[in-house]
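Got a structure open and wondering where the labels come from? Let's go through some of them, one question at a time.

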Amino acid sequence: MAEAVVLALAVIFVGAGLAGLLANHFDLPPVPFYIAAGFLVAPLLDEGDVLQLALWGIAFLVFVFGIRVEFGGLRSVLRDGEVAAMTQLLVVAPIAFGAGYGFAVAFDLAEPLQNGLFFAAAATLSSTLVGSGLLDRDLRATLVHGRLASSIHLFDDLVAVGVLLVISAEVLTADAVTSKLGYGVLFILAALAIHRHGFGTLIRAADGSDELVLMGSISILIGFLAAAEYVGISIVVGAFAAGLAIHDEGARTLEVRNGIESIRDFFAAIFFVTVGALVTIPTLEVGLFAAVLVVLVLLVNPLVMVLAFSYEGYDARTAFLSATSLNQVSELAIVIAIQAALFDHLTIATATFEAIILAAAVTMVAASLVRRREELFFEALAGRLIRGHQTRKIDERSDVEDDRADHVIIVGYGRQGRWLADACEEADRRYVVIDNDPIVWGEIRRECDEYVLGDAMASYTWEIAGVDSAALVISTVDHRPLSASLLEREPDADVVVRADTSAEASELLGLGATYVMVPNVLAGDQLVRNVERAMADDASRARLGEEHRELFESLERHGFVRQFER
């Protein structure tokens, strides 16, 4: 058995490695290549081994998602996200159940009721892996639409965990189901206890050793997985609880997150290749099942979400981008299907199982491709239909005077944004802060007189910020689409933007930027100036050290992790 698993892993990683090289060569998302590699190497793999590896890969990725969720950032959008999630559940789930049940009856499949429920789960649960951008490294997750999507992913994960606990009962009786649900509650309580007391003790005992903290965190994960196996529930439930146990939004889990990042792609590759390996050439009924599921997930779900977010008062772009993060079959829906196939007391038809796997592969490929061109899709679709129909959320969250003129607009309230705001106050210059990250909204309201809490890519945000009458616009956000969008507006004000490389800076200067900040260049210039001051005299060296201590105190005061990331 162990030799077979090792052989399966070897085949998977040879295929994944070649697929990753091709994706990198053509500068394309790796997900389609991983899934294609899995389909090609499937004849070399045993289906039982593939199912087990898929479960382990998903378990680790759910654990990573649990660590990454920032409840502080979700708090301000949690209600809206849960309203949208409930709307989707109430609208899409009955349609999907009816379709699944009808197909099961039409094709004379066993247990049409169970198959309808599995089909509904696949249609309504959204992927925390592709949707939350686990394979991407951009700023999307910190913005409103990212927070909204994360709140819905969290809701869907909780629903999926509940379903997994129910179906893990040996027989579907009230006593057996209650027992499994009780285990789930105990796991969550144990996770919360470790989060509140045990993890802090681990941090203190490690005494600054990143390796010990990471080892302890992985040990907690393994402990929860072993406990899940022992009591007879899915290891994914144990992984979800482990993520909650060591979840922390402060600096003390920075080393854990950095360590997990280094092995995250290992399990992501396992997952996507195993999905591809489980895909089969569809029969007529499988093709019809999968086509209906793809339509529900790619079209109906986003439409319902866009309407729900618009009703809640969000602008068109936020509603669209939130919805496009939810148009994939969830990896937890795959877990539910796999567990149903492995449990003797459940009946999932081969056609239903294969349709869910095929739809998952199609929607994950489509979602990863759409994500790369989501701005174009927004302009072509949602932008024309619902642009400007709702701005209530921006109006409610913003505070700007009507008589603004010759003011400074600061985009982003991270470390640089705070310093710029302080400089404006010292110079007695009016300024307006634009930021779309809910986690800093409270600080902006306390510290700034005028602000717009909205999407800097949306025209309405700039309209109420008064860009036409501004004297200077400074973007501290290293995001080329945002910088390009700002320059395309051709404001009369001078425009300062930020870039990661000198080549990108040259392009932005060509587009009309007055000045482009390149952090590495600025850091080098500052280092030279500080060395010159240190070489000048004792007084300069003393003052330099004092200023440096004040800088680090400021970083700690505002939160080291967020300052480090932004």
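Q: Which hand does the crossing of H5 and H12 have?
A: Right-handed. Bear in mind that this is a predicted model, with H5 covering residues 78-106 and H12 covering residues 284-311.

Q: What makes H5 roughly antiparallel to H12?
A: Their axes come within 10 Å and cross at roughly 155 degrees. Angles over 145 degrees count as roughly antiparallel, so H5 gets that label relative to H12.

Q: And why is H7 called oblique to H10?
A: Helix H7 (residues 144-167) and helix H10 (residues 235-245) pack at about 140 degrees, their axes 9 Å apart. Over 145 would be roughly antiparallel, and 65 to 115 roughly perpendicular. An angle of about 140 degrees fits neither range, so H7 is oblique to H10. The crossing here is left-handed.

Q: How do you know that H10 is mostly covered?
A: Buried means under 20% relative accessible area, and eleven of the eleven residues in H10 are buried. Among them are Ile235, Phe240 and Leu244, along with glycines Gly238 and Gly243.

Q: Why does leucine 90 count as exposed?
A: Its relative accessibility is 61%, and the cut-off for exposed is over 50%. So leucine 90, which sits in helix H5, counts as exposed.

Q: What nonpolar patch is on the surface?
A: Met86, Leu90, Val91 and Ile95 form it, with about 350 Å² of accessible area together. Patch members need over 30% relative accessible area, and leucine 90, at 61%, clears that.

Q: Why is alanine 291 called partly exposed?
A: Alanine 291, in helix H12, has a relative accessible area of 40%. Buried is under 20% and exposed is over 50%, so alanine 291 lands in between. In space, alanine 291 is 8.3 Å from alanine 355, C-alpha to C-alpha, though they are 64 residues apart in sequence.

Q: What makes arginine 147 and aspartate 437 a salt bridge?
A: The closest N and O atoms are 2.9 Å apart, and the cut-off is within 4 Å. So the pair qualifies as a salt bridge. The two ends are distant in the chain: arginine 147 is in helix H7, while aspartate 437 is in the loop between strand E2 (431-434) and helix H20 (441-447), 290 residues apart. Both residues are buried. The whole structure has eleven salt bridges.

Q: How do you know that arginine 397 and aspartate 80 tie together parts far apart in sequence?
A: Their closest N and O atoms are 4.0 Å apart, and they form a salt bridge. Arginine 397 lies in helix H18 (residues 392-397) and aspartate 80 in helix H5, so the pair joins parts that are 317 residues apart in sequence. Arginine 397 and aspartate 80 are both buried.

Q: Why are glutamate 396 and arginine 392 separated by about one helical turn?
A: Because they are four residues apart in helix H18. They form a salt bridge too, with the closest N and O atoms 3.4 Å apart. Glutamate 396 has 52% relative accessibility, so it counts as exposed, whereas arginine 392, at 35%, counts as partly exposed.

Q: Which residues are joined into one network by salt bridges that share partners?
A: Arg79, Asp80, Glu312, Lys393 and Arg397.

How values were computed. Residues are numbered from 1 along each chain as its sequence is written. This is a predicted model: local features need pLDDT of at least 70, side-chain atom pairs count only at pLDDT 80 or more; totals for chains, interfaces and linings use all residues. Side-chain values use heavy atoms; hydrogens and water are left out. Patches are made of residues with over 30% relative accessible area and no salt bridge: like charges are joined within 9 Å, nonpolar side chains (Val, Leu, Ile, Met, Phe, Trp, Tyr) within 5 Å. Accessible areas come from the Shrake-Rupley method with a 1.4 Å probe; for residues, only the protein chains shown count as cover. A salt bridge is a side-chain nitrogen of Lys or Arg within 4 Å of a carboxyl oxygen of Asp or Glu. Buried means under 20% relative accessible area, exposed over 50%, partly exposed in between (1.4 Å probe, protein chains only). Axes are lines fitted to C-alpha atoms, for helices over the stretch in contact, and angles run from 0 to 180 degrees between N-to-C directions. Angles under 35 degrees count as roughly parallel, over 145 as roughly antiparallel, 65 to 115 as roughly perpendicular and the rest as oblique. A crossing is left-handed if the near helix is turned anticlockwise from the far one by less than a right angle, and right-handed if clockwise.
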